[in-house]
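Dear colleague,

Please find below the structure that I am handing over to you, together with its sequence. My findings follow it, arranged by region for a reader who has not seen it before.

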Amino acid sequence: MADDSLLVEKITISGATLASILQRFSSSPGDVDGLLFGHFIRLPPPDPNDDDPSSSYSAAVGSTTLAPFAASITGHFCSGAPMTFYDSVGRIDPHSVRRASDQDRLPILLGWFCGRRRTHLRPSMREIAVSNSLFETLTPASAVDPAPPRPCIFLLLSFSSTENLAIHTHEYRGFHLRRKPVGSGVLEPRSLHIVNIGPDFRGQYGSFSPDSALPWMPLRVEDELAQKETLRSLQDKAAGQLLLDSAADGFTMERLAHLIGPGVAEYASELEDLYRNMLLKLEGLARLVEKSSARVLEQENKNLKIRCRLAGLE
């Protein structure tokens, strides 16, 4: 297979697009992945330097395959869950990717992203396999000549927060898939430039329109089950409170407040009567358990005698 990869030196993304990806990631119940869309921009060649022995690179920059490019991310599609367009070993499902891409409305496919919680920004073996499979499996179908380059960008995100949710930490890092003459490619880190609000980019925010399609969000059955569980828990609490009130003989927390202040002697005597009645109930319960245990022991002795007789007959 011919190597159609580009020499990507940097990755740019608008602040609005990055904020949208981070919001989808942080609001999801777990890890997520998705696709990145945009376009590649050819960078100007470096200034030739006769004194630099590496200036021979400038002579080769005129070639399309060696010219440096910048990947500009302008849109994304977030699935809301992990492994939605690939399997556990990293094999791509081309049908799922093309259905999510919707090439009629989105720019070309640059690559994909993955959001993991409380992990280091280091690609895993599966993510490397997914990047290679995405590059090798998807052949860009385009009527223009030359055809769009293959997807070779990977964006890794991490999210963590404190126990009280007071501090949220977002981290991200861009990677470029560099192909090897033999074997699979490797993911190399690339600088990620955020086009943020400023004098030079204010116009981009004024004319910004999202390219990502909103995912279909059906009514989740889990939400209905959670509501039923909440209603059931309230009913259980009410039943437990009624049982506790019956054992307390009407001695509520409001009456306990009268133990401080005038009239404490009267309420203290009532509380002592309550404890005395509880001790009597516990004593009765203990006697009932003792009788039950005696009956169980008697039945076990009878069963043992029966087994001994049956063994003697044999």
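**Arg-190 and its surroundings**

Leaving aside residues up to four places away in sequence, Arg-190 touches Val-8, Glu-9, Ile-11, Gly-174, Phe-175 and His-176. Please bear in mind that this is a predicted model. Arg-190 belongs to strand E7, which covers residues 186-195. Is this arginine buried or exposed, given its relative accessible area? At 18%, Arg-190 falls under the 20% limit and therefore counts as buried. Its side chain has two polar contacts to report. A polar atom of the Arg-190 side chain lies 2.5 Å from the backbone oxygen of Val-8. The side chain of Glu-188 also makes a polar contact with the side chain of Arg-190, at 3.1 Å.

**The chain as a whole**

The chain has 314 residues, of which 28% count as buried. Eight helices and seven strands were assigned in the chain. Contacts between residues at least 6 apart in sequence were also examined, and 73% of these join residues at least 24 apart. The accessible surface of the chain is about 20,800 Å², and carbon and sulfur atoms account for 58% of that surface.

**Strand pairing around E1 and E7**

Strand E1, residues 7-14, pairs with E7 in the parallel sense, over five bridges. Two bridge partners illustrate this pairing: Ile-11 is matched with Leu-192 in E7, and Lys-10 is matched with Ser-191 in E7. E1 also runs parallel to E3, to which six bridges join it. In that pairing, Lys-10 has Ala-70 of E3 as its bridge partner. Lys-10 thus has a bridge partner in E3 and another in E7.

E7 pairs with E6 as well, and here the sense is antiparallel, again with five bridges. Within this pairing, Val-186 in E7 is the bridge partner of Arg-178.

**The nonpolar core and helix H4**

In soluble globular proteins, nonpolar side chains tend to be buried together. The largest nonpolar core of this model contains 43 residues, and the members that touch the most others are Phe-40, Trp-112 and Ile-153. Strand E5, residues 153-161, gives the largest share of this core, with six residues.

Helix H4 spans residues 125-137, which is 13 residues. From its first C-alpha to its last, H4 reaches 18 Å, close to the expected 18 Å at 1.5 Å a residue. Which residues of H4 are buried? They are Glu-127, Val-130, Ser-131, Asn-132, Ser-133, Leu-134 and Phe-135. The buried residues of H4 pack against helix H3 (94-101) and against strands E4 (108-117), E5, E6 (168-178) and E7.

**Ser-158**

Ser-158 is located in strand E5. With a relative accessible area of 3%, Ser-158 is buried, because the limit for that class is 20%. The side chain of Ser-158 reaches the backbone oxygen of Thr-119 at 3.1 Å. Not counting residues up to four places away in sequence, Ser-158 touches Phe-25, Arg-116, Arg-118, Thr-119, Leu-121, Thr-169, His-170 and Glu-171.

**Two residues with positive phi**

One of the contacts of Ser-158, Arg-118, deserves separate mention. Phi of Arg-118 is near 55 degrees, which is a positive value in a residue other than glycine. Arg-118 is placed in the loop between E4 and H4. Its relative accessible area is 60%, which means that Arg-118 is exposed, the limit being over 50%.

Met-83, also not a glycine, has a positive phi near 55 degrees. This methionine lies in the loop between strand E3 (68-78) and H3. How does Met-83 count at 36% relative accessibility, and why? Met-83 counts as partly exposed, because 36% lies between the 20% limit for buried and the 50% limit for exposed.

With kind regards

Definitions and conventions. Residues numbered from 1 in each chain as written. Predicted model: local features only at pLDDT ≥ 70, side-chain atom pairs only at ≥ 80, totals over all residues. Heavy atoms only, no water. Helix = DSSP H or I, 4+ residues; strand = E, 2+ residues; numbered from the N terminus. Buried < 20%, exposed > 50% of the residue type's maximum accessible area, 1.4 Å probe, protein only. Contact = heavy atoms within 4.5 Å. Areas by Shrake-Rupley, 256 points an atom, 1.4 Å probe, with all protein chains shown as cover. Core = buried A, V, L, I, M, F, W, Y, C linked by side-chain atoms within 4.5 Å. Polar contact = N/O pair within 3.5 Å; in protein donor to acceptor, adjacent residues only side chain to side chain. Expected span 1.5 Å × (residues − 1). Pairing = 2+ DSSP bridges.
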